[in-house]
Amino acid sequence: MIKQRLAWFLTIILLVGMLTLGAAGCQQTSGKTDRDTVVKVVATNFPPYDFARQVGGDKVEVSMLVPPGAESHSYEPTPQDIIKIQNCDVFIYGGGDSDAWIDGILDSIDAPNMKKIAMMDCVQPVVEETVAGMEDDHDHDQESGGAEAAEAPEYDEHVWLDPQNAAKIVEKINSTLDEVDPDNKQIFDQNTKIYTGKLNALDERFKDMVAGAARKTIVVGDRFPFRYLTDAYGLNYYAAFPGCSTETEPSAATVAFLIDEVKKEKIPVVFHTELSNERMADSIAESTGAVKRQLNACHNVTQQDFDSGKTYLDYMNENVDVLREALY
């Protein structure tokens with residue numbers, strides 16, 4: 001799968017190279033050269049898109065590559081996306097395995113002044129883990145990739161789900177915008193101070209909620225992109241697949257295991273992620289009497305939420321509320 005995607009990206013890069021060479025005389029290279037021009041920021045997915053909006057305010061123009069409602073793990077850039085990257089001042093991306101296409105693109109474009117931020121470089125990443133009952137599709141990769149695939153750890157890319165990690169990413173965006181546009185440094189710094197205060201308040205909400213909980217275990221009838229969230233607040237979990245798994249249909253044994261855990265621990269809520277087909281969560285809920293709730297991974301949003309201006313803080317505060325329902 002990875003080799004096929006890389007081949008696709010290389011083909012796109014060649015096409016974009018022909019387009020950009022033809023337009024080289026009239027296109028501006030990355031970098032803010034006009035004092036009256038807003039800084040152009042391109043983010044691959046929703047969390048850095050929203051973080052950049054909060055820091056930059058009306059002094060930045062932020063765009064998101066992965067369309068609302070799309071599956072971010074299988075995103076494939078268009079030639080227009082790559083041109084958008086080439087012409088931006090700041091490019092923010094995850095930095096994990098699902099962003100493997102980015103290195104080839106960045107090497108192929110002429111944007112010497114572009115500032116790049118890999119979110120995983122801003123924090124301490126953790127390796128994806130397989131817990132009891134969870135299906136691991138890495139075995140298939142190792143069979144096809146041999147020893148090299150077996151030795152390469154796969155890091156969880158959903159670093160923004162710990163609010164303290166989010167604050168570190170925001171601070172990096174702040175310092176980068178300060179460098180690109182020093183005339184507006186005071187505005188960026190003040191916006192960052194206000195926003196990190198809100199992230200700290202969110203962190204306290206999670207801590208207070210977990211401190212009074214009757215249980216510390218959740219069940220997710222879906223992929224599990226919440227490792228940073230559960231690690232941050234001392235929660236245990238059971239789920240069907242790791243966060244970056246390409247699988248969506250669990251075995252009967254996996255569903256049976258999750259049903260047994262819900263019954264055994266009298267867990268009142270079974271979670272699914274946004275943009276999921278929800279079939280697994282439905283099956284577990286029907287078999288146990290638990291209610292189904294959405295736990296937001298924030299990796300992407302619906303078109304309706306995007307158009308309404310819903311934010312990372314909105315989604316994460318919703319997570320506090322549904323986790324309270326599950327843990328109390």
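I began with the secondary structure and counted twelve helices and eight strands in the chain, where helices (H or I, at least four residues) and strands (E, at least two) are DSSP runs numbered from the N terminus. The model is predicted, so I kept in mind that local features need pLDDT of at least 70 and side-chain atom pairs pLDDT 80 or more, while totals for chains, interfaces and linings use all residues. Residues are numbered from 1 along each chain as its sequence is written, and side-chain values use heavy atoms, with hydrogens and water left out.

I then looked up burial, and noted that buried residues (under 20% relative accessible area, with exposed over 50% and partly exposed in between, 1.4 Å probe, protein chains only) make up 50% of the 328 residues in the chain.

Next I turned to the aromatic rings. I found eleven aromatic pairs, a pair being rings of Phe, Tyr and Trp (its six-membered ring) with centres within 6.5 Å, counted as stacked with planes under 30 degrees apart, edge-to-face over 60 and tilted for the rest. Phe46 and Tyr49 have ring centres 6.2 Å apart and planes at 40 degrees, so I entered this pair as tilted. Both residues lie in helix H2 (residues 46-56), three residues apart, which is about one turn of the helix. Phe46 is buried, with a relative accessible area of 1%, and Tyr49 is buried as well, at 9%.

I set beside this the pair of Tyr75 and Trp101, which is edge-to-face, with 5.6 Å from centre to centre and 65 degrees between the planes. This pair links distant parts of the chain, since Tyr75 is in the loop between strand E2 (60-64) and helix H3 (79-86), whereas Trp101, 26 residues apart from Tyr75, is in helix H4 (residues 100-108). Tyr75 and Trp101 are both buried. I also noted that Phe46 and Tyr49 belong to one aromatic cluster with Phe306 and Tyr315.

My last entry concerns two packed helices, H7 (residues 185-211) and H12 (residues 312-327), whose axes are 10 Å apart at an angle of about 5 degrees; axes are lines fitted to C-alpha atoms over the stretch in contact, and angles run from 0 to 180 degrees between N-to-C directions. H7 and H12 are therefore roughly parallel to each other, the class for angles under 35 degrees, with over 145 roughly antiparallel, 65 to 115 roughly perpendicular and the rest oblique. Among the residues that make the contact (heavy atoms within 4.5 Å) I listed Tyr195, Leu202 and Phe206 of H7 and Leu313, Met316 and Arg324 of H12.
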